[in-house]
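Welcome! Here is a short briefing on how the strands in this structure are put together. Please take a look at the sequence and the model first.

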Amino acid sequence: VLQSGGNVGIGTTSPRALLELVKTSSGATQDQLYLTNANSATSTATRLSFVSQQDTTQTATTTGAITSILTRNWNTISSGELAFSTLQGGTLSEAMRITASSTIGVGTTTPWGLFSINPTASLLSSPQFVVGSSSATNFIINNQGYLGIATTSPYSLFSIEQGTENYSFSVSNQGSSTPSFTINGVNGDGRIGIGSTSPAQLIS
């Protein structure tokens, strides 16, 4: 169906966008669209590109893409990967990949763990992993591999920035709310308590 407004519908008489495909299959997954590269060589790929108009040159520029890559073409053990690319400094570059073994790589095409981060040259000044914001960071791993809690700039392999909380670090028995080992916060002068929640000395 081609509506007067220019919308095209396949399987529907009332398309809600420039192109809408409809095929119903209750309770099951239904293929709605095939993008095909009719070749079987390893590294054969099919790409879905997202394009915008450049202000300066008024030419079309690909700002992002999703690429499906055939990585193995051996009959029953064929495999493929998905690569996600973004426009970086004027160049379309791969940003993330999901491999055939279900590993995810950011900044790498060959992740060696379930989730691998490898900072590119343009991101070396950014931390590898953060929970929180730049002004209120709860957890951080920087590009030196330093881990920080409540700090944006860990200065050792493991750094905790003490606040006014009772303890910066504690260990307790399962189900117990009374710690058996504590490192006190700023209010406790960083004292360490073993079997004590209010050590009177630096270690007691």
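Two strands count as paired if DSSP finds at least two bridges between them. With that in mind, strand 9 and strand 10 (residues 137-141) are paired in the antiparallel sense, with four bridges between them. Please keep in mind that this is a predicted model.

**The sheet of four strands**

- Strand 9 and strand 10 belong to an open sheet of four strands, whose order is 9-10-11-12 and whose pairing is mixed.
- Its edge strands are strand 9 (129-132) and strand 12 (158-160), and each of them pairs on one side only.
- On average, and with direction ignored, neighbouring strands of this sheet are turned by 5° against each other.
- For a single bridge to look up, try Val130: its bridge partner in strand 10 is Ile140.

**The sheet of six strands**

- There is also an open sheet of six strands, again with mixed pairing, and here the order is 3-4-5-6-7-8.
- At the edges of this sheet you will find strand 3 (45-53) and strand 8 (115-117), each pairing on one side only.
- The average turn between neighbouring strands here is 20°, direction ignored.

**A closer look at strands 6 and 7**

- Strand 6 (residues 91-98) and strand 7 (residues 104-106) run antiparallel and are joined by three bridges.
- Which residue of strand 7 is the bridge partner of Arg97? That partner is Gly105.

Methods: Residues numbered from 1 in each chain as written. Predicted model: local features only at pLDDT ≥ 70, side-chain atom pairs only at ≥ 80, totals over all residues. Heavy atoms only, no water. Helix = DSSP H or I, 4+ residues; strand = E, 2+ residues; numbered from the N terminus. Axes fitted to C-alpha atoms, helices over the stretch in contact; angles between N-to-C directions.
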